[in-house]
Amino acid sequence: MTAEADKPNIITASLDFLVNWGRTNSLWPFPYGTACCAIEFMSTEVGRYDLSRIGSEYVRFTPRQSDVLLVAGTITYKQAPILKRIYEQMAEPRWVIAMGACACSGGFYDCYCTVPGIDHIIPVDVYIGGCPSRPEAFFDAMFDLQKKIKDESYMKQRAERVKDQLEMIKAKTAEAKAAAKDFAREKVVDIKDFMTSKEQELVKKAQFWKE
Amino acid sequence: MNTVEDIFSVLEEKFGAKRDTQDKWGVAAIVSAAYLHNAALFLKESAAIKFEMLVDIAGIDYLTYPNHEGPRFAVSYAFKSMSVPGARIRLKVLVGEADLKVPTISDLFANANWYEREVFDQFGIVFTGHPDLRRLLNHVEFVGHPLRKDYPAQKRQWLSTNDYLLPALEKRLEDLGYRVVQRSKEVGTNDNEYLEGSIKE
């Protein structure tokens, strides 16, 4: 066994492919269920439809451990800051599914208390229609999300993310270089002055001894 | 033989109640705000049929009601008897726009506490003597009372931060004799901390 493991085991793949493969097949949802869509999600999750077939094994009830925020139900204005805060607590990468008519557009609650679509608060990746949505529709949305994730480029996103930092580092480096140049120039001038003064002294001494 | 009709006659005698002629089922009586508390106490404790259960409190706005005369608002109390099943009575208090005050009955019926908060929230009717008259359904930054007929139904109001209920809770517990020994870091009462991550417009 040890001999087998000692042999070099190498797979070559592009980083984007590998990262996306991992992300695609382990989407852990965070159910933000406020209405009947949440009941429909429960039936999607368990036995008959079995969401764990596509790797959404765990439903995490903390935003810090989940990848997909699943907003299932009506969002009122009183709840909007809470939803926003939950979204901000999630670690990158994060995706949002708006499930059902209420989360997409406010549904038939065209009134003073309901947010007309959660995209007023947070960015949404996939919308599902229906009132409530069928489990099949939910699966369709998950497949759409998986397709979307497969298209993402981790390295590009990383470059985007560190762009500011990179620019800052470049600017700092240029600054430091300029400072060093100035310092060197001053030094050179000092040394030149020193040399000329020495020369003059020597000349004076030579003249003195001549005399 | 005591019937609901007898109780109505007592209400009319003692509390100056009038039968509501508009009521479809004939179980409503209009009382003045001054007599409401006593009438509720009478229904709960000393009536021939005791009405121990407060089913609902509803606010009514008659602004766009056809052929309505009289004060703009009304508060309707629905009582149900536990001892005689099926016996029901509704008391109605008419409230004018100038003086939006009704005495509370939350000392008689504990569930009236939240019903009255709801009516206050949606109609702006003030219940005098209520222990904790705050908004119940709408958020703290809401301006106006949405179930009034002159509130535009589609007028939306954003909430900038979620309600921070911990100080109120602590105060309530301290009033009951508890005391705060220790707070965990996550629930620090620093205002700036919980304002972060909220909707700011």
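Helices and strands here are DSSP runs, numbered from the N terminus, and that is how we can say that Asp50(A) is found in the loop between α3 and β2 of chain A. Keep in mind as you look around that this is a predicted model. Our tour starts in the core of chain A, follows one strand through it, and then visits the contact between the chains and a few unusual spots in the backbone.

**The nonpolar cores**

- The largest nonpolar core has 37 residues. Those with the most contacts inside it are Leu69(A), Leu70(A), Val71(A), Ile97(A), Ala98(A), Met99(A) and Ala103(A).
- Several elements of chain A give two or more residues to this core, including the strands β1 (29-33), β2 (68-72), β3 (95-99) and β4 (126-128). Helices do so too, among them α3 (36-45), α4 (80-89), α5 (100-105) and α6 (135-151).
- Another core, of 34 residues, lies apart from that one, and Ile30(B), Val75(B), Phe109(B) and Ala112(B) are among its members.

**A closer look at strand β3 of chain A**

- All 5 of the 5 residues of β3(A) are buried, so the strand is largely enclosed by the rest of the structure.
- In a regular strand the side chains alternate between the two faces of the sheet. Try spotting this pattern: Trp95(A), Ile97(A) and Met99(A) point one way from β3(A), while Val96(A) and Ala98(A) point the other way.
- On one side of the pairing story, β2(A) and β3(A) run parallel and are joined by 5 bridges. Here Val71(A) has Ala98(A) as its bridge partner in β3(A).
- β3(A) also runs parallel to β4(A), with 3 bridges joining the two. In this pair, Ile97(A) stands opposite Val126(A) of β4(A).
- The chain crosses from β3(A) through α5(A) to β4(A) in a right-handed β-α-β crossover. Likewise, β2(A), α4(A) and β3(A) make a right-handed β-α-β unit.
- What does Ala98(A) touch, leaving aside its neighbours within four places in sequence? Its contacts are Val71(A), Ala103(A), Cys104(A), Ile118(A), Val124(A), Tyr127(A) and Ile128(A).

**Where the chains meet, and the domains of chain B**

- In the contact between the two chains, 13 residues of chain A meet 15 residues of chain B. The residues on the chain A side divide into 8 nonpolar, no polar and 5 charged.
- Chain B is divided into domain 1 (4-154) and domain 2 (158-201). Taken over C-alpha atoms, 34 Å separate the centres of these domains.

**Unusual backbone spots**

- Most residues other than glycine have a negative phi, and most peptide bonds are trans. With that in mind, here are some exceptions to look for.
- Asp50(A) has a positive phi of about 60° although it is not a glycine. Asp50(A) has 13 other C-beta atoms within 10 Å, so it counts as partly exposed.
- Asn67(B), also not a glycine, has a positive phi of about 55°. This residue lies in the loop between β3 (53-61) and β4 (73-80) of chain B. With 5 other C-beta atoms within 10 Å, Asn67(B) is exposed, because a residue with 12 or fewer is classed that way.
- The peptide bond from Glu92(A) to Pro93(A) is cis, with omega near -5°. Pro93(A) sits in the loop between α4 and β3 of chain A.
- A cis peptide bond also leads from Cys131(A) to Pro132(A), with omega near -10°. You can find Pro132(A) in the loop between β4 and α6 of chain A.

Terms used. Residues are numbered from 1 along each chain as its sequence is written. Chains are lettered from A and ligands numbered from 1 in the order in which they are written. This is a predicted model: local features need pLDDT of at least 70, side-chain atom pairs count only at pLDDT 80 or more; totals for chains, interfaces and linings use all residues. A nonpolar core is a set of buried Ala, Val, Leu, Ile, Met, Phe, Trp, Tyr and Cys residues joined through C-beta atoms within 7 Å. A residue is buried if 20 or more other C-beta atoms lie within 10 Å of its own, exposed if 12 or fewer, and partly exposed in between; C-beta atoms are placed from the backbone. Helices (H or I, at least four residues) and strands (E, at least two) are DSSP runs, numbered from the N terminus. Two residues are in contact if their C-beta atoms, placed from the backbone, lie within 7 Å. Domain bounds come from an automatic or database domain assignment. Ala, Val, Leu, Ile, Met, Phe, Trp, Tyr, Cys and Pro count as nonpolar, Asp, Glu, Lys and Arg as charged, and the others, Gly among them, as polar. Two strands pair if DSSP finds at least two bridges between them. A crossover is right-handed if, with the strands pointing away from the viewer, the path from the first strand over the helix to the second runs clockwise.
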